[in-house]
Amino acid sequence: GLQISGTTQESRIENCLFINNDNAGMSMLKGLDVLVSGCYSVSNGGSGFIFNNYASALNQNIDNIIITSCWAINNSGTGFTFGNPYNDNNFNGDNFGHSNNVCTNVTGSDLLSFGNTVYGFTLSMTDGTMTNIQAQQN
């Protein structure tokens with residue numbers, strides 16, 4: 001798929017297809033002021049869309065992200081992951097929370113998560129808004 005990292009700033013990812021990749025369809029490790037719009041992530045070996053870096057130092061943030069009109073369908077992980085769903089990167093259990101501030105100021109709208117293996121959405125973000133999102137048969 002597509003992995004976005006480094007000093008990504010003021011970027012647009014529009015009308016893209018991520019299909020049958022070994023890992024995630026689209027993964028953003030670090031970014032500032034990014035728009036993702038009209039993208040489809042289908043039948044990938046990992047999650048559909050990931051906005052998280054899983055960096056144990058918690059020093060690579062994702063801030064001011066808009067994602068709209070995107071679909072995650074039949075992926076082997078979660079449809080959409082926003083932020084680090086584990087407190088302090090404790091991956092040993094369901095220790096959910098947003099204390100690490102990995103993902104902030106996220107706006108999501110018109111998102112569909114259908115038929116993914118894990119969750120439709122995991123939301124662990126600070127100052128985020130989600131409208132008109134649908135999770136079906138995950």
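Me: Which side chain does Ser109 join through a polar contact of 3.0 Å?
Reply: Bear in mind that this is a predicted model. Ser109 sits in strand β11, and leaving aside neighbours within four places in sequence, it touches Ile67, Thr68, Ser69, Thr131 and Asn132. Of these, the side chain that makes the 3.0 Å polar contact with the side chain of Ser109 is Thr68.

Me: Okay, is Ser109 buried or exposed?
Reply: Buried means under 20% relative accessible area. Ser109 has a relative accessible area of 17%, so the call is buried.

Me: How many bridges join β8 to β11?
Reply: Ser109 belongs to β11, and one place to see how that strand lines up with β8 is Ile62, whose bridge partner in β11 is Cys103. The two strands run parallel, and the number of bridges joining β8 to β11 is six.

Me: And on the β5 side, what is the bridge partner of Leu35 in β8?
Reply: β5 and β8 also pair, in the parallel sense and over six bridges. Go to Leu35 and look across to β8: the bridge partner is Ile66.

Me: Now the open sheet: which are the edge strands?
Reply: Five strands make up this sheet, with parallel pairing, and the order reads β1-β4-β7-β10-β12. From one strand to the next the twist averages 5 degrees. An edge strand here pairs on one side only, and that gives β1 (2–4) and β12 (121–123).

Me: What is the bridge partner of Met26 in β7?
Reply: Strand β4 covers residues 26–28 and β7 covers 49–51, and three bridges join these parallel strands. Start at Met26 and step over to β7, and you land on Phe49.

Me: How many residues does the largest nonpolar core have?
Reply: In soluble globular proteins, nonpolar side chains tend to be buried together. Here the elements that give two or more residues to the core are β4, β5 (31–37), β7, β8 (62–68), β10 (80–82) and β11 (103–114). Val36, Phe49, Phe51, Ile67, Phe80 and Phe82 have the most contacts inside it, and the core's residue count is 23.

Me: Which Met residues is Phe82 in contact with, leaving aside its neighbours within four places in sequence?
Reply: Phe82 is buried, as is Phe80. Its contacts outside that sequence window include Phe51, Ile67, Cys103, Val106, Leu111 and Phe121. Go through the rest of the list for Met, and you find Met125 and Met130.

Me: Are the rings of Phe80 and Phe82 stacked or edge-to-face?
Reply: A pair of aromatic rings is described by the distance of the centres and the angle of the planes. For Phe80 and Phe82 the centres are 6.3 Å apart with 0 degrees between the planes. Planes under 30 degrees apart count as stacked, so the label for this pair is stacked.

Me: What about Tyr40 and Trp71: how many residues apart in sequence are the parts they tie together?
Reply: This pair is edge-to-face, at 5.3 Å centre to centre and 65 degrees between the planes. Tyr40 is partly exposed at 32% relative accessible area, and Trp71 is also partly exposed, at 36%. Tyr40 lies in β6 (residues 40–42) and Trp71 in β9 (residues 71–73), so the separation in sequence is 31 residues.

Me: Which residues form the aromatic cluster?
Reply: The count of aromatic pairs comes to six. Phe80 and Phe82, the stacked pair, both belong to the cluster. Its full membership is Phe18, Phe49, Phe51, Phe80, Phe82 and Phe121.

Key. Residues numbered from 1 in each chain as written. Predicted model: local features only at pLDDT ≥ 70, side-chain atom pairs only at ≥ 80, totals over all residues. Heavy atoms only, no water. Pairing = 2+ DSSP bridges. Helix = DSSP H or I, 4+ residues; strand = E, 2+ residues; numbered from the N terminus. Axes fitted to C-alpha atoms, helices over the stretch in contact; angles between N-to-C directions. Core = buried A, V, L, I, M, F, W, Y, C linked by side-chain atoms within 4.5 Å. Buried < 20%, exposed > 50% of the residue type's maximum accessible area, 1.4 Å probe, protein only. Contact = heavy atoms within 4.5 Å. Phe/Tyr/Trp six-rings, centres within 6.5 Å; stacked < 30°, edge-to-face > 60°. Polar contact = N/O pair within 3.5 Å; in protein donor to acceptor, adjacent residues only side chain to side chain.
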